[in-house]
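Colleague: I would like to take a close look at a single helix and at how its two sides relate to the rest of the chain. Could you take me through it step by step, starting from the surface and working inwards?

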Amino acid sequence: MKELIKKNYVTLVTSGYVCSLLTFVAMLQENDLSNAGKIGIVSIGAIAMLVLTLAISLVVDGKVCWQSLVACLVGCATVYAAVALGVLFNILSV
């Protein structure tokens with residue numbers, strides 16, 4: 001795991017950042033989301049980042065680099081965790 005993070009650090013950080021930006025834009029567009037919808041809308045950014053990472057991997061290397069796809073998933077998972085934590089805090093505050 002340490003080697004995966006060291007090798008694909010840029011992919012991990014960039015995918016988390018872009019996924020969070022796309023999630024933020026999608027949440028601003030949809031104002032009446034349920035709690036499950038708020039967590040599920042992160043999938044828009046996650047799918048976009050997976051496709052982008054796959055395309056970059058194919059163009060640059062000419063083959064699919066599974067380690068960069070795993071790093072992308074880990075980066076997007078942090079956004080899922082952050083949104084789920086926000087939903088939990090919202091439920092607890094009511």
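Which residues are exposed on the other side of H2, the side turned away from its buried residues?

Modeller: This is a predicted model, and what follows should be read as a description of that model. The exposed residues on that side of H2 are Tyr9, Val10, Tyr17, Phe24 and Leu28.

To place the helix first, the chain contains 5 helices and 0 strands, and along the sequence its pattern reads α-α-α-α-α. The C-alpha trace spans about 50 × 30 × 15 Å along its principal axes, and of the 94 residues in the chain, 24% are buried. Among the contacts with a separation of 6 or more, 67% join residues that are 24 or more positions apart.

Helix H2 covers residues 9-29. It has 21 residues, and from its first C-alpha to its last it reaches 31 Å, close to the 30 Å expected at 1.5 Å a residue. The residues of H2 that are buried are Ser15, Gly16, Cys19, Thr23 and Ala26. Viewed down the axis of H2, these buried residues fall within an arc of 100°, so they line one face of the helix. The general background to such a pattern is that an α-helix has 3.6 residues a turn, so residues three or four places apart point the same way. As for what the buried side meets, the buried residues of H2 pack against H4 and helix H5 (66-93).

Serine 15 shows this packing at the level of one residue. Serine 15, which is found in helix H2, has a relative accessible area of 0%, and because buried means under 20%, it counts as buried. When its neighbours within four places in sequence are left aside, serine 15 is in contact with Met49, Ala71, Cys72, Gly75 and Cys76. One of these partners, Met49, is itself among the buried residues of H4.

Beyond the end of H2 the surroundings change. Asparagine 31 is found in the loop between H2 and H3, and with a relative accessible area of 67% this asparagine is exposed. Its C-alpha atom is separated by 26 Å from that of threonine 14, although the two residues are 17 residues apart along the chain.

The partner helix H4 can be read in the same manner. Its 20 residues should span 28 Å at 1.5 Å a residue, and the end C-alpha atoms of H4 are 28 Å apart, which agrees. Buried in H4 are Val42, Gly45, Ala46, Met49, Thr53 and Ser57. These residues cover an arc of only 100° around the axis, which puts them on the same side of H4. They pack against H2, helix H3 (35-40) and H5, whereas the face of H4 turned away from its buried side carries the exposed residues Ile47, Val51 and Val59. Just after H4, glycine 62 takes a positive phi of about 80°.

H2 and H4 also take part together in the lining of the largest pocket, to which each of them supplies at least two residues. About 180 Å³ of space lies in this pocket, and its lining consists of Thr11, Thr14, Ser15, Met49, Leu52, Thr53, Ile56, Ser57, Val60, Asp61, Cys65 and Ser68. The most is given by H4, with 7 residues, and sorted by class the lining holds 5 nonpolar, 6 polar and 1 charged residues. Serine 15, buried in H2, is thus met again here as one of the residues that line the pocket.

The last residue in that lining to consider is serine 68, which is found in helix H5. At 9% relative accessibility serine 68 counts as buried, and its contacts, apart from neighbours within four places in sequence, are with Asn8, Thr11, Thr53 and Ser57. Thr53 and Ser57 are among the buried residues of H4, and Thr11, like them, lines the largest pocket. The C-alpha atoms of serine 68 and leucine 12 are separated by 7.9 Å, while the two residues are 56 residues apart along the chain.

To return to your question, H2 has an exposed side that carries residues such as Tyr17 and Phe24, and its buried residues pack against H4 and H5.

Definitions and conventions
Residues are numbered from 1 along each chain as its sequence is written. This is a predicted model: local features need pLDDT of at least 70, side-chain atom pairs count only at pLDDT 80 or more; totals for chains, interfaces and linings use all residues. Side-chain values use heavy atoms; hydrogens and water are left out. On a 1 Å grid over the protein atoms alone, a cavity is a set of points where a 1.4 Å probe fits but cannot get out, and a pocket is an open set with protein on both sides within 12 Å along at least five of seven lines; lining residues have an atom within 4 Å of a point. Grid points are joined across faces, edges and corners, and a volume is the space filled by probe spheres set on the points. Helices (H or I, at least four residues) and strands (E, at least two) are DSSP runs, numbered from the N terminus. Ala, Val, Leu, Ile, Met, Phe, Trp, Tyr, Cys and Pro count as nonpolar, Asp, Glu, Lys and Arg as charged, and the others, Gly among them, as polar. The expected span of a helix is 1.5 Å times one less than its number of residues. Buried means under 20% relative accessible area, exposed over 50%, partly exposed in between (1.4 Å probe, protein chains only). The arc is that of the directions from the helix axis to the C-beta atoms. Contact means heavy atoms within 4.5 Å.
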